[in-house]
Amino acid sequence: MTSRALAGTLILLAGCGGQPRPARQTERNIPSIGFIDAPAPEATVGPTFVVAGWAMDNDAPVERVRIYLDDQLVATVPLTIMRPDVEEQLHPKVGAGTPHGFSWVVDAGSRAGYCTIRVEALDAKGGLTQFATANIKIEP
Ligand SMILES: [Ca+2]
């Protein structure tokens, strides 16, 4: 080994253990939870139908949900519906007394056949959680 190669090896070795790891930039974000109330799983729906449900989070309130048909984003929806039934069961640590429910009319356009609805929650700390899916059939 030449002295130049040896020096390079020593620099690489020094780089491995010498630097402290950077502190974690983000604190842990607890995933949101939620549910799709409508449409029911395996339901057959028309090309225009309501997607409704609720979302909740225990470290930052859910600000909005994103609704996808298969992998296409079709709506970004605020939580506007009070859900005392859900609060009573789950006792959220944040956002108690605020709306947890959503309801949105989705237009599937020319899409027809079997399709998966996915809903994601976006919380106030930027956490994104896919919390529910439902398989449906869309009839034109
Ligand atoms: Ca969260």
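Thr44 sits in strand E2, which spans residues 44-45. The model is predicted. Thr44 has 12 C-beta neighbours inside 10 Å; exposure is assigned at 12 or fewer, so Thr44 counts as exposed. Beyond residues up to four places away in sequence, Thr44 touches Lys137 and Glu139. Glu139 lies 95 residues from Thr44 along the chain, yet their C-alpha atoms are separated by 6.9 Å.

**The five-stranded sheet**

Strand E2 belongs to an open sheet of five strands. The order is E2-E8-E7-E4-E5, and the pairing is mixed. E2 and E5 are the edge strands, and each pairs on one side only. Further in, E7 and E8 pair in the antiparallel sense over 10 bridges. Within this pair, Glu120 stands opposite Gln130 in E8.

**The three-stranded sheet**

Strands of a sheet pair through backbone hydrogen bonds, either parallel or antiparallel. A further open sheet has three strands in the order E1-E3-E6, and its pairing is antiparallel. Strand E1 (33-38) and E6 stand at the edges. Each has a single partner strand, so one side of each is left without a neighbour in the sheet. Neighbouring strands here are turned by 25° against each other on average, direction ignored. E1 and E3 pair in the antiparallel sense over five bridges. One of the paired residues is Ile33, whose bridge partner in E3 is Met56.

**The nonpolar core**

Which residues of the largest nonpolar core touch the most other members? They are Ala55, Val62, Val65, Ile67, Ile117 and Val119, out of 20 residues in this core. Five strands each supply at least two core residues: E3 (48-56), E4 (62-69), E6 (101-107), E7 (113-123) and E8 (128-138). E3 and E6 are strands of the three-stranded sheet, while E4, E7 and E8 are strands of the five-stranded sheet. Strands from both sheets thus appear among the contributors.

Ile67 shows the contacts of one such residue. Leaving aside neighbours within four places in sequence, Ile67 is in contact with Val51, Val74, Ala75, Val77, Trp104, Val106, Ile117 and Val119. Ile117 and Val119 are also among the residues that touch the most other core members.

**Backbone exceptions in the loops**

Most residues other than glycine have a negative phi, and most peptide bonds are trans. Three loop sites depart from this pattern, as tabulated here.

| Site | Backbone feature | Loop |
|---|---|---|
| Ala38 and Pro39 | cis peptide bond, omega about -5° | Pro39: between E1 and E2 |
| Asp70 | positive phi, near 50° | between E4 and strand E5 (72-78) |
| His91 | positive phi, about 45° | between helix H2 (84-90) and E6 |

The cis bond joins Ala38 to Pro39, and Pro39 is found in the loop between E1 and E2. E1 is a strand of the three-stranded sheet, whereas E2 is a strand of the five-stranded sheet.

Are Asp70 and His91, the residues with positive phi, buried or exposed? Asp70 has 11 other C-beta atoms within 10 Å, and is therefore exposed. His91 has 10 C-beta neighbours inside 10 Å, so His91 also counts as exposed. Neither residue is a glycine. The loop of Asp70 runs between E4 and E5, which stand next to each other in the order of the five-stranded sheet. The loop of His91 runs between helix H2 and E6, and E6 is an edge strand of the three-stranded sheet.

Note on methods
Residues are numbered from 1 along each chain as its sequence is written. This is a predicted model: local features need pLDDT of at least 70, side-chain atom pairs count only at pLDDT 80 or more; totals for chains, interfaces and linings use all residues. Helices (H or I, at least four residues) and strands (E, at least two) are DSSP runs, numbered from the N terminus. Two residues are in contact if their C-beta atoms, placed from the backbone, lie within 7 Å. A nonpolar core is a set of buried Ala, Val, Leu, Ile, Met, Phe, Trp, Tyr and Cys residues joined through C-beta atoms within 7 Å. Two strands pair if DSSP finds at least two bridges between them. Axes are lines fitted to C-alpha atoms, for helices over the stretch in contact, and angles run from 0 to 180 degrees between N-to-C directions.
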